[in-house]
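Me: I have the sequence and the model open side by side, and I would like a close look at one part of it. Please walk me through that part slowly and then show me what lies around it.

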Amino acid sequence: MKRAGIASVLGVLVAFSASTPATALAAPAPSTSRSADCADQPAEARVRAGSHVTERNQPGAAQVAAMEKDFHDRISKLRKNKKPGAAAITVRVHFQVIYGSAGNIPDATLNKQLDILNAAYKGSNVTFTLAEIKRTQNAAWFSDPEGNERAMKTALRTGNAQDLHFYTADLGNSLLGWATFPSSYQSQPAMDGVVVHYQSLPGGALGNYNEGDTGTHEVGHWMGLYHTFQGGCTGQGDQVADTPAEQSPASGCPTGRDTCPAAGVDPIHNYMDYSYDACMTEFTPGQGQRMQSQWAAYRA
């Protein structure tokens, strides 16, 4: 997740529950004294104002290791029968528009968001189709979707693991969005999906984060991707070989930034960093392969 404030930068954070790994994105705050160094930031959320808010139950290295072990065990079992190949993936999108006195996003904006997802994921062989647009007027859910997440999702979610529920609401001044990982679907299917700030959709009021790529970023987590700065400069990082190691989240669009001694400059243009929306333009082939494998392991 990521986002910038009126004059500051939004980072990405992921919120994980003890049993349901989730990712959360934070929004720009007016001011902050926190360090922007998030080298060990495994969360899937975006943060604003150049600060990185620690989300609830943020997963540590041990939790990530457990997730990866389960993933590789599943892929190994699949390969005994048939090696999972690069197949076309179709995701059915359910836009869940939560609104109060504001937030009743028009269909035209939601269709633009769908177009943005399709453009971003085209190279990864992933297509998003509109399943429904559902509008729910609930002031409490709209103003505090995090606090009301279980009630909101339990009441609204339908379909199966291939149905993406894309919730929009007012996430306040510190969050841009969050998402669940594919590995959590089996244990808590009702919680599956992404939640994004309604002003981060195309044409919204969040400067530098209003081109729809909060949605792109959060859906990346939903498809099984970590942040590009996962693990900092050490270890397996984001588990993708062709994304150069990155010590901490990028802010703005710092061309040439290079925070790790390993080869390659920081992947500031990658959708899974915290750069401005205008700076984010790509997924790598390796990320596409990981999405395919995560889909085969958990959603196919």
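What follows is a close look at helix 2, with its covered face and its surroundings.

Reply: Happy to. A word on the ground rules: this is a predicted model, in which local features need pLDDT of at least 70 and side-chain atom pairs count only at pLDDT 80 or more, while totals for chains, interfaces and linings use all residues. Residues are numbered from 1 along each chain as its sequence is written, and side-chain values use heavy atoms, with hydrogens and water left out.

Let us start with the whole chain, to see where helix 2 belongs. The chain holds six helices and eight strands; these are DSSP runs numbered from the N terminus, with at least four residues of H or I for a helix and at least two of E for a strand. Along the sequence they come in the order β-β-β-α-β-α-β-α-α-β-β-β-α-α. Of the chain's 300 residues, 56% count as buried; buried means under 20% relative accessible area, exposed means over 50%, and partly exposed is in between, with a 1.4 Å probe and protein chains only. The accessible surface of the chain is about 11600 Å², and carbon and sulfur atoms make up 51% of this surface (Shrake-Rupley method, 1.4 Å probe; for residues, only the protein chains shown count as cover). Among the contacts in the chain with a separation of 6 or more, 71% are between residues 24 or more positions apart, where a contact means heavy atoms within 4.5 Å.

Now to the helix itself. Helix 2 covers residues 107-121 and forms a right-handed β-α-β unit together with strand 4 and strand 5. Right-handed here means that, with the strands pointing away from the viewer, the path from the first strand over the helix to the second runs clockwise. Strand 4 (residues 89-99) and strand 5 (residues 126-137) are parallel to each other and are paired over 11 bridges; two strands pair if DSSP finds at least two bridges between them. To find this pairing on screen, look for tyrosine 99, whose bridge partner in strand 5 is glutamine 137.

With its 15 residues, helix 2 reaches 21 Å from its first C-alpha to its last, close to the 21 Å expected at 1.5 Å a residue; the expected span is 1.5 Å times one less than the number of residues. Its buried residues are Thr109, Leu110, Gln113, Leu114, Leu117, Ala120 and Tyr121. Seen down the helix axis, these buried residues fall within an arc of 145°, so they line one face of helix 2; the arc is that of the directions from the helix axis to the C-beta atoms. The general rule behind such a pattern is that an α-helix has 3.6 residues a turn, so residues three or four places apart point the same way. On the other side of helix 2, Asp115 and Ala119 are exposed.

What covers the buried residues of helix 2? The cover includes strand 4 and strand 5, and also strand 6 (163-169), helix 5 (213-222) and helix 6 (285-299). Threonine 109 gives a view of one contact site in helix 2. Threonine 109 counts as buried because its relative accessibility is 16%, and it touches Leu201 and Pro202, leaving aside residues up to four places away in sequence.

From helix 5, one of the covering elements, we can look outward in both directions along the chain. The loop between strand 8 (194-197) and helix 5 holds asparagine 208. Asparagine 208 has a positive phi of about 75° although it is not a glycine, and at 34% relative accessibility it is partly exposed.

The loop between helix 5 and helix 6 contains glutamine 239. Glutamine 239, also a residue other than glycine, has a positive phi near 70°, and its relative accessibility of 28% makes it partly exposed. Aspartate 266 lies in the loop between helix 5 and helix 6 as well, but it counts as buried, at 4% relative accessibility. Leaving out residues up to four places away in sequence, aspartate 266 touches Ala245, Glu246, Arg257, Asp258, Thr259 and Cys260.
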